[in-house]
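I opened this entry to keep a record of what I looked up, item by item, in the model shown below.

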Amino acid sequence: MLIHHLRPFSTASLSPRSLTISTALSSSSTKQQHKLWSGLENWRKSPVNDLRLWGPTGPLLPSSSDSISADFYGLVSAASSLADLGALVLSTSDPLSKSHISHLAFSRWRRENLPVGSISHLPSSPARPPKPLLVATNQVPNPKDSNLPLNAHMLHNLAHVELNAIDLAWDTVARFSPFFDLLGHNFFDDFAHVADDESRHFLWCSQRLAELGFKYGDIPANNLLMRECEKTSNNVAARLACIPLVQEARGLDAGPRLVKRLTGFGDNRTSKIVAKIAEEEVAHVAVGVDWFLSVCQKMNRAPSPTFKDLIKEYGVELRGPFNHSAREVAGIPRDWYDPSCGTEVDKGNNEQGDKEQLSAVYDRLTHIISMESENSSLEKPAK
């Protein structure tokens, strides 16, 4: 295997000159074989989204009374680069503060002509609050054993996923900043944009939890996403394969079921929040696909076998059932993840996939419902 060449663009084996040559050789054959999400360029060009409050009918601008601490502005203003802003977010332990600083950081990045910068050393894990207690996945309480009602339980798990997602995106920005010359400006802009989306999602979840009488940290949670982050800290190709293309893509499979269960539980407000988050998360999977293809171009490697080699090397499991239509919309070719896929997609599975809502809910929503065994227990309690 040639996977050692992916780590994380070894300058000894992949010089900028050789990358330019291999990109020219493969650009016409690699990307053109893949259909990217049709909304990707519009997402990239979209202005900074300040709709960080969930109103009676959907996202709203915060009111003037929801002021952000002047200390946050001072911290963000003192940073000299995007990588420094990422390190600032990663070093912030309070979840709400992390979300606000993340948004201020991305806003400043978009507003000013900051350099990406470079950070050589980062802690292996981001700062975390005392609660929730982080436990093994099989020790996370299921809805029946939780002190929270089903809708609050789901929201808490989603809030936890979103908080991890903020750090995952900023870790990608800061950790791979030394490779700016190979990755380019747009890579870092995309993942800072992802971080901003995730910080908005966390605030929506946190707000709704408070409306239900609960708060983030009320029940234990797992640390799955950050373990994946740590495992892929030395390999940008593996980071893209394991996070957007596996972990986030799982949400495309599980999301519609979660939205349906929340609606069945009778909590339409929470259901709408989750559906909106799911809608916005498609962009994050699409970003991962696009940059994975770009990395493969730079190495002159075929994407499908490279993806399969990476997830095997890093011990990442691909498990169904898969929402094929939603994955196709996000730009993930079926032969990357489905071993039963031959040269043609069978019509029966296509029909089944078409019935699954394309408002495909997002990756980490799989972590919300945690395991398929938990999914089956998420039923409306008897009245």
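**Helix contact**

I began with the contact between two helices of this predicted model, where Leu-82, Ala-83, Gly-86, Ala-87, Val-89 and Leu-90 of H4 meet Ile-166, Asp-167, Trp-170, Asp-171, Val-173 and Ala-174 of H6. Sorted by class, the residues of this contact between H4 and H6 are nine nonpolar, one polar and two charged. For the geometry I noted that H4, residues 82-90, packs against H6, residues 150-175, at an angle of about 145 degrees, and that their axes are 8 Å apart. I entered the crossing of H4 past H6 as left-handed.

**Confidence**

I then looked up how far the predictor trusts the model, and found a mean pLDDT of 83 for the protein, with 80% of its residues at 70 or more. For residues 8-28 the pLDDT is below 50, and I noted that this stretch has 35 contacts in the model beyond near neighbours in sequence. Residues 343-383 also have a pLDDT under 50 throughout, and for them the model has 101 contacts beyond four places in sequence.

**Cavities**

My next search was for enclosed space, and it gave four cavities of 30 Å³ or more. I followed up the second largest cavity, which holds about 90 Å³ of space, and asked which residues lie nearest its centre. Twelve residues line this cavity, and those nearest the centre are Leu-168, Ala-169, Phe-191, Ile-243 and Glu-248. The elements that give two or more residues to the lining are H6, H8 (185-211) and H10 (236-265), and the largest share, five residues, comes from H10. By class, I recorded eight nonpolar, one polar and three charged residues in the lining of the second largest cavity.

**Backbone**

Last, I went through the backbone angles, bearing in mind that most peptide bonds are trans and that most residues other than glycine have a negative phi. Against the first of these, I found that the bond joining Lys-131 and Pro-132 is cis, with an omega of about 10 degrees, and I placed Pro-132 in the loop between H5 (95-111) and H6. The peptide bond from Gly-320 to Pro-321 is cis as well, with omega near 5 degrees, and Pro-321 belongs to the loop between H12 (303-313) and H13 (324-330). Against the second, I noted Asn-300, which is not a glycine and yet has a positive phi of about 55 degrees. I located Asn-300 in the loop between H11 (268-299) and H12.

Notes: Residues are numbered from 1 along each chain as its sequence is written. This is a predicted model: local features need pLDDT of at least 70, side-chain atom pairs count only at pLDDT 80 or more; totals for chains, interfaces and linings use all residues. Side-chain values use heavy atoms; hydrogens and water are left out. Axes are lines fitted to C-alpha atoms, for helices over the stretch in contact, and angles run from 0 to 180 degrees between N-to-C directions. Helices (H or I, at least four residues) and strands (E, at least two) are DSSP runs, numbered from the N terminus. A crossing is left-handed if the near helix is turned anticlockwise from the far one by less than a right angle, and right-handed if clockwise. Contact means heavy atoms within 4.5 Å. Ala, Val, Leu, Ile, Met, Phe, Trp, Tyr, Cys and Pro count as nonpolar, Asp, Glu, Lys and Arg as charged, and the others, Gly among them, as polar. On a 1 Å grid over the protein atoms alone, a cavity is a set of points where a 1.4 Å probe fits but cannot get out, and a pocket is an open set with protein on both sides within 12 Å along at least five of seven lines; lining residues have an atom within 4 Å of a point. Grid points are joined across faces, edges and corners, and a volume is the space filled by probe spheres set on the points. pLDDT is the predictor's confidence in each residue, from 0 to 100.
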